[in-house]
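Here are my notes on the structure you sent over, set out as numbered points. Have the viewer open while you read.

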Amino acid sequence: MPRNRRRVQRALAIGLGLGLIGSALAACSAGGNESVHFTFSKREAITFMTDVVADFNASQDQYQVEMDTSGPDVIAASFVRGNPPDLMLANYNHEVSRFINRCAVSDLADTEAAKSVRPDLQPLLDQYGICPGTTAAVPYSVMAASVIYNKQIFAEHDLEVPETWDELIEVCNTLKAAGIDPFYATFADPWTANQGWFDYSVGGSGLDILDFYKQMEAEGPDVGPDSSVSFQKDFLEPVEQMQLLASEYTQSDANARTYDFGNVAFAEGKGAMYMQGPWAISEIARINPNLEVGTFPLPMTGSPNDLKVRVNMDLVAMVPQDAKNPAGARAFMEYLFQPDVIQAYNNSQLGFNPRTDGKDPDDPRVAGMVEYYNDGAVYQGPSVLNPRAIPTENFAQSLVLGANAKTILSTMDADWARLAYRQSASSTEKEESGQ
């Protein structure tokens, strides 16, 4: 036998042996329990979840959960390789929803966890897509976001929380006359302009966001100035209001300040209001634990009936179809959804418990959003509903920095139409080829 061929066969034998060893290690932990590959990448809660994993592992002797915090890019690659995690607890966005639309995750309808969740949350999941006839993702934590305000500054100037656009402008003018920046802004980070300013303005405008995107889907490649709905038609007024707030009622160096700097500045009493989510509240508290803050939905119309808070599915549970240990994944999932465990998690992150028996957050800093969440006065923002092919972050940043609103929104329409056309053409090609 030629030497090179012998080398190849030895290499294949060694590789096969290592593969079998790797498979065995994947199936069993060092203690002999079945291994469960669990992915979790919410960095603010890794310490909390590490303790939960340890408690579960200590509570039984069949499974050993191994937590992976490597992030969404690695997870996506693992699906491509056919080696996904057993259980995912992930932020629900367009990247994750690809697994749903392709039915690459299991039906969890028969789990106690799925049966425990509020059914009125399903439309928020369906906005991203569905795998027909299945419960593919189960909400674990809902995050509500709105305007954060400095209670001390409001009290010192006898200001009430505004409930209409005119009241908001009056509050801003009072603060500005007193030498206080009404809003502290961090426009150097595009995502803060997108998630906060852009989302809050459009979501608070009275526009039915869910219906808007349904109609946009129906219009598809025909979206434009003459379509029944469009960005340039439906978003123009709230965007121009947003631009007024950004140009007249923020600090002079807003375009140069980043999120991290903004948290420090707001904690130090610079600015009376801050368009950020509860994740910023936790950061602010680390810097100044004595600062009293509250929250309220941004008023964009003349009616308090239009007030809503922005929500997103901060975490959902999913079990991939190709999971190596689906039974172990489900066992740990049921543990995660136990009332005391899921409530403790959401309390720690200022989130809302999606269980039907979940308790309202008792933290006064987010109390201003509870009634809106319970009444269903919520929306998901364009920042998470627009396809990634539309660079909404960059557009939002351009808008708060003063770009022409009509031009930007027309460009967004064109991007939407072009993407819809490509998807339609791709679907037609697949049908014609019999795929």
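1. A word on naming before anything else: helices here are DSSP runs of H or I with at least four residues, strands are E runs of at least two, and both are numbered from the N terminus. With that in hand, Ser-201 can be placed in helix 9, which covers residues 190-203. Please also keep in mind that this is a predicted model.

2. Staying with Ser-201: is it buried or exposed? Its relative accessibility is 1%, so Ser-201 counts as buried. Its side chain reaches the backbone oxygen of Trp-197 at 2.7 Å. If you leave out residues up to four places away in sequence, Ser-201 touches Gly-196, Pro-238, Met-242, Leu-298 and Met-300.

3. Now the overall picture. The chain has 435 residues, and 50% of them count as buried. Its secondary structure comes to 20 helices and eight strands. Take the contacts between residues at least 6 apart in sequence: 78% of them join residues at least 24 apart. On the outside, the chain exposes about 20000 Å², with carbon and sulfur atoms supplying 49% of that area.

4. On to the inside. In soluble globular proteins, nonpolar side chains tend to be buried together. Here the largest nonpolar core has 135 residues, and Phe-183 and Met-273 are the ones with the most contacts inside it. Strand 4 (residues 138-150) gives this core its largest share, nine residues.

5. Phe-183 deserves a click of its own. Setting aside neighbours within four places in sequence, its contacts include Val-147, Leu-168, Cys-172, Trp-197, Leu-245 and Tyr-249. The list also takes in Met-273, Tyr-274, Met-275 and Leu-298, along with Thr-250 and Gln-251. One of these partners, Cys-172, has 0% relative accessibility and so counts as buried. Leu-298 turns up again here, being in contact with Phe-183 and touched by Ser-201 as well.

6. How many disulfides does a search of the whole structure find? It finds one. The bond is between Cys-103 and Cys-131, with the sulfur atoms 2.0 Å apart. Cys-103 sits in the loop between helix 4 (94-101) and helix 5 (112-115), while Cys-131 sits in the loop between helix 6 (122-126) and strand 4, so the pair ties together parts that are 28 residues apart in sequence. The torsion about the S-S bond is about 115°, so this disulfide is right-handed. As for cover, Cys-103 is partly exposed at 30% relative accessible area, whereas Cys-131 is buried at 8%.

7. Strand 3 (residues 87-90) is covered on both faces. In a regular strand the side chains alternate between the two faces of the sheet. Leu-87 and Leu-89 are on one side and Met-88 and Ala-90 on the other, and all of them are buried. Strand 1 (residues 34-40) runs parallel to strand 3, joined by three bridges, and Phe-40 stands opposite Leu-89. Strand 7 (residues 309-318) runs antiparallel to strand 3, also through three bridges; there, the bridge partner of Leu-89 is Ala-317.

8. Helix 17 (residues 367-374) has buried residues too, namely Met-369, Val-370, Tyr-372 and Tyr-373. What covers them? The cover includes strand 4, strand 6 (293-296), strand 7 and strand 8 (378-379). The helix is followed by Gly-376, which has a positive phi, near 75°.

9. Last stop, helix 10 and the loop after it. Asp-211 is in helix 10, and at 35% relative accessibility Asp-211 counts as partly exposed. Its C-alpha is separated by 9.8 Å from that of Gln-127, with the two positions 84 residues apart along the chain. Ser-230 belongs to the loop between helix 10 (209-219) and helix 11 (231-234). At 0% relative accessibility, Ser-230 counts as buried. Not counting residues up to four places away in sequence, Ser-230 touches Phe-212, Met-216, Val-223, Gly-224, Phe-235 and Asp-413. Ser-230 and Trp-416 are 186 residues apart in sequence, and their C-alpha atoms are 9.4 Å apart in space.

Note on methods. Residues are numbered from 1 along each chain as its sequence is written. This is a predicted model: local features need pLDDT of at least 70, side-chain atom pairs count only at pLDDT 80 or more; totals for chains, interfaces and linings use all residues. Side-chain values use heavy atoms; hydrogens and water are left out. A nonpolar core is a set of buried Ala, Val, Leu, Ile, Met, Phe, Trp, Tyr and Cys residues joined through side-chain atoms within 4.5 Å. Buried means under 20% relative accessible area, exposed over 50%, partly exposed in between (1.4 Å probe, protein chains only). Contact means heavy atoms within 4.5 Å. A disulfide is a pair of cysteine sulfur atoms within 2.5 Å. Accessible areas come from the Shrake-Rupley method with a 1.4 Å probe; for residues, only the protein chains shown count as cover. Two strands pair if DSSP finds at least two bridges between them. A polar contact is a pair of N or O atoms within 3.5 Å; within protein, one must be able to donate a hydrogen and the other to accept it, and residues adjacent in sequence count only if both atoms are side-chain atoms.
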